[in-house]
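Subject: Structure handover and notes

Dear colleague,

I am handing over the structure below, together with my notes on what was found in it. Please read the notes with the coordinates open beside you.

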Amino acid sequence: MTSQDRHEIRYQRRKAKREAKRVANAKTFDEVFTFENLWKAGKTCCTDVRWKTSTINFEFRLLTYIESLYEQFLQEKYHFNGFKYFRTIEHGKMRDINSLIIHDRTIQKCYCDYMMTEAYSRTFIFDNSASLPDKGMDMTLNRLKENLRHHYRKHGLQGGIYQFDFHGYFASIPHDRAKERLKRHVLDPKLYKIGCQLIDDFTHLGGIEHDLKHPHGVGLGSQVSQNIALDYASPVDHYVKDALRKKGYARYMDDGYIISDSLKELYEIRAFLIEFVKLFGLEMNEKKNVITPFKDHSFYFLKMRIRLQEKGKVTMKLSRNSIRSMRRKLVIFRKWCDGGKMSADDIFKSYQSWRSHAHRCDSYKTVHAMDLYFIRLFQKELAEWDKYFKCTLRAKWNDEIGWIYYTSNREYKSKIDELNRTWYERRMNGFVPLVDRWDWYSKQRSKSAQAFDYLRSLQKDFYKEDD
């Protein structure tokens, strides 16, 4: 027996072991589409969207709707209700969004959470982390830092990073090949049939030119399309990880990178991948298909500017486009707030969401400057808010004007001195201090609502007598 024969025997043994494990972990239709699973999926779909009228009506009749969906699946009478198509602009780029009504979203969530995500993720590499439980952007960025530090310990600043991006990734995935990959993961005939139906439903997408002979494209905003997109480029992942043995590699949906100590090797890999992805009906984005040396250069990944410095430190800062975009949004939010189109609470939540994203970076000064700009725009709303707005500034509560935000004790003292100096003038001009906000004080003190209603009525009578 030759060495090649022994390698083949070991390979067949490993392949048989993987196949046995796949069959043992495969789920059936009765295990996935149970009444309990559909109810949990429907309840989860209502999370964070209970302000919508459709969600309120769905959750109010949840048991009735779930029973109806369950009967439709048992009798194989379920029909897709179509997409709601709209367009949005993200960082100056027009995107086509196709959302689902909550009934169809419940079906897809049950199918993905209790079978599809688990079946697909078994074949994923560890660094394929988008839209997966216990993974996401934080893990991807942390792994990138680890890979850069590992590269520096072995090679210093020698080499560089190759970044690739697929052109129109979601819109270019062929349906027939997506079904072929679905068949590898789903063994139950009923579940496979439902998966094919969910893929065929994407022929009703808006914003895409459909070719009925060769249908292609999966929509943004669907959990099924996210799983398909994660799996479809897996051959690229396994080629780089298994064949090339590259440790510094990761893919976040359609964005990926490869780290190497040889720029020549990266150019060879790029030339191969450009032709390799064409076998799957994909195409590389020429503008984002770039190679960047580490020495004296920084690169952008997931809207962040990253740099490997001379001493091995990895710095990660917000991209300038993200900062400019947020400043423009705040100006628009100010106009919407004045016109009653958007509430102050929604504006605060939107800005805090951006700050949470910014905390991933080494951009304290940038965030501090943005906090100063935000507080200057919404000073009145922040002063009257019920609680302290988390930011890089300090704040104290004042009974007359509410929350005072300041950067130093000297600044706070000057503001208090200004209040004391203008105390008489402000009251002569009809100023009403915030100490009279009885709704706020009723939440802070242990008093009954009836007592504060009585105090409020006394306050109104007192001011009537003055008039």
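Please keep in mind throughout that this is a predicted model. I have grouped the notes by theme.

Surface patches

Two patches stand out in my notes, beginning with one of positive charge on the surface, in which Arg6, Arg10, Arg13, Arg14, Lys15 and Arg18 gather. Of these residues, Arg14 can be placed in helix α1, which runs over residues 3-25, and Arg14 counts as partly exposed because its relative accessibility is 45%.

The other patch is nonpolar and is formed on the surface by Phe35, Trp39 and Leu63, which together have about 280 Å² of accessible area. Phe35 belongs to helix α3, residues 35-45, and with a relative accessibility of 33% Phe35 is classed as partly exposed.

Salt bridges

As general background, side chains of opposite charge can pair when their charged atoms come close. With a side-chain nitrogen of Lys or Arg required to lie within 4 Å of a carboxyl oxygen of Asp or Glu, the count comes to 22 salt bridges, and I describe three of the pairs here.

The pair formed by Asp138 and Arg360 has an N to O distance of 2.4 Å. Since Asp138 lies in helix α7 while Arg360 sits in the loop between α14 (344-358) and α15 (364-377), this salt bridge ties together parts of the chain that are 222 residues apart in sequence. Both partners are partly exposed, Asp138 with a relative accessible area of 43% and Arg360 with one of 28%.

Asp127 and Lys241 also meet through their side chains in a salt bridge, at 3.3 Å from N to O. This pair, too, links distant parts of the chain, with Asp127 in the loop between α6 (102-121) and α7 (137-155) and Lys241 in helix α11 (residues 234-243), 114 residues apart. Are these two partners buried or exposed? Asp127 counts as buried, because its relative accessibility is 4%, and Lys241 is likewise buried, with a relative accessible area of 18%; the reasoning in both cases rests on the cut-off for buried, which is under 20% relative accessible area. Asp127 and Lys241 are also members of a network of salt bridges that links them with Arg143 and Glu146.

In the remaining pair, Arg122 forms a salt bridge with Glu118, and the closest N and O atoms are 3.6 Å apart. Arg122 is partly exposed at a relative accessible area of 35%, as is Glu118 at 37%.

Aromatic pairs

Searching the whole structure gives 31 aromatic pairs. One of them brings back a residue of the nonpolar patch, for Phe35 and Tyr70 form an edge-to-face pair whose centres are 6.2 Å apart and whose planes make an angle of 85°. Because Phe35 lies in helix α3 and Tyr70 in helix α5 (residues 62-74), the pair ties together parts that are 35 residues apart in sequence. Tyr70, with a relative accessible area of 23%, is partly exposed.

Tyr351 and Phe374, by comparison, form a pair that is stacked, at 4.2 Å centre to centre and with 5° between the planes. Tyr351 is in helix α14 and Phe374 in helix α15, so this pair ties together parts that are 23 residues apart in sequence. Tyr351 counts as buried at 0% relative accessibility, and Phe374 is buried with a relative accessible area of 0%. Tyr351 and Phe374 also belong to a cluster in which ring pairs link them with Phe348, Trp354, Phe378, Trp385 and Phe389.

Backbone angles

Finally, there are two residues whose phi values you may wish to look at. Ser131 has a phi near 60°, a positive value in a residue other than glycine; Ser131 lies in the loop between α6 and α7 and counts as partly exposed at 41% relative accessibility. Lys303 has a phi near 65°, again a positive value in a residue other than glycine. Lys303 is found in the loop between β7 (298-301) and β8 (304-308), and its relative accessibility of 45% makes Lys303 partly exposed.

With best regards

Note on methods. Residues are numbered from 1 along each chain as its sequence is written. This is a predicted model: local features need pLDDT of at least 70, side-chain atom pairs count only at pLDDT 80 or more; totals for chains, interfaces and linings use all residues. Side-chain values use heavy atoms; hydrogens and water are left out. Patches are made of residues with over 30% relative accessible area and no salt bridge: like charges are joined within 9 Å, nonpolar side chains (Val, Leu, Ile, Met, Phe, Trp, Tyr) within 5 Å. Accessible areas come from the Shrake-Rupley method with a 1.4 Å probe; for residues, only the protein chains shown count as cover. Lys and Arg count as positive and Asp and Glu as negative; His and the chain ends are not counted. The place of a charge is taken as NZ of Lys, CZ of Arg, CG of Asp or CD of Glu. Helices (H or I, at least four residues) and strands (E, at least two) are DSSP runs, numbered from the N terminus. Buried means under 20% relative accessible area, exposed over 50%, partly exposed in between (1.4 Å probe, protein chains only). Rings of Phe, Tyr and Trp (its six-membered ring) pair if their centres lie within 6.5 Å; planes under 30 degrees apart count as stacked, over 60 as edge-to-face and the rest as tilted.
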